Amino acid sequence: MELLETQDPEKRKLIETSDRHKRALEKDLSDLTQKSDQMLKNALIIGGSLALTYLLISSLSKKKKKKKNTANVSQKTEMGTATVDQDEEESVPSIFGEVGTRIVNMGAVMLLDIAREKISEYLASRKKEDEHS
């Protein structure tokens with residue numbers, strides 16, 4: 001059948017033109033998928049950065065509820081009795097101490113995650129070596 005199609009010059013030109021258009025469409029499609037993959041990666045990186053920033057800021061700026069005990073103290077004055085409210089606040093560690101503790105905790109979690117990945121990579125490579133031998 002191809003022999004008959006290639007003998008007609010007009011059909012041959014149409015086939016070549018359709019092949020050229022097909023290659024152009026495939027090239028455009030591959031370019032589009034590469035661009036969309038890159039955009040998706042960028043979106044994930046930006047979203048992850050925003051989420052991490054949000055978690056970091058929210059963990060650093062957590063409001064500690066202060067325990068307030070009000071005690072009515074009666075004081076005698078020359079004009080009579082006055083009631084004074086005293087607020088006893090629980091001692092709150094400094095913000096720098098909290099920041100340091102949270103940074104150390106987050107760093108430890110990140111290091112443990114990296115160590116877990118490295119161990120799993122090592123075990124996977126050992127498994128491949130065992131399969132090959």
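Here is a short tour of the model, stop by stop.

**Before you start.** This is a predicted model, so local features need pLDDT of at least 70 and side-chain atom pairs count only at pLDDT 80 or more, while totals for chains, interfaces and linings use all residues. Residues are numbered from 1 along each chain as its sequence is written, and side-chain values use heavy atoms, with hydrogens and water left out.

**Stop 1: the whole protein.** Show the cartoon and you'll find three helices and two strands. Going along the sequence, the pattern reads α-α-β-β-α. (Helices are DSSP runs of H or I with at least four residues, strands are runs of E with at least two, and numbering starts at the N terminus.)

Now switch on the surface. About 12,600 Å² is accessible, and 60% of that belongs to carbon and sulfur atoms; the areas come from the Shrake-Rupley method with a 1.4 Å probe, and for residues only the protein chains shown count as cover. How many of the 133 residues count as buried? Just 2% of them do. (Buried means under 20% relative accessible area, exposed means over 50%, and partly exposed is in between, using a 1.4 Å probe and protein chains only.)

**Stop 2: Lys27 and Asp31.** Select these two in helix 2, where they sit four residues apart, about one turn of the helix. Their side chains meet in a salt bridge of 3.4 Å, N to O. (A salt bridge is a side-chain nitrogen of Lys or Arg within 4 Å of a carboxyl oxygen of Asp or Glu.) Asp31 is partly exposed at 28% relative accessibility, whereas Lys27 is exposed at 52%.

**Stop 3: a nonpolar patch.** Next, select Leu52, Leu56 and Met106, which make a nonpolar surface patch of about 230 Å². (Patch residues have over 30% relative accessible area and no salt bridge; like charges are joined within 9 Å, and nonpolar side chains, namely Val, Leu, Ile, Met, Phe, Trp and Tyr, within 5 Å.) Leu56 belongs to helix 2, residues 9-60, and is partly exposed at 33%.

**Stop 4: Asp113 and Arg116.** The structure holds two salt bridges, and here Asp113 pairs with Arg116, with the closest N and O atoms 2.7 Å apart. Both are in helix 3 (residues 95-132), three residues apart, so about one helical turn separates them. Asp113 is partly exposed at 32%, while Arg116 is exposed at 51%.

**Last stop: confidence.** Colour by pLDDT, the predictor's confidence in each residue from 0 to 100. The mean is 76, and 70% of the residues reach 70 or more. Then select residues 84-89, where pLDDT stays under 50. Where pLDDT is low, the predicted coordinates should not be read in detail.

Conventions
Contact = heavy atoms within 4.5 Å.
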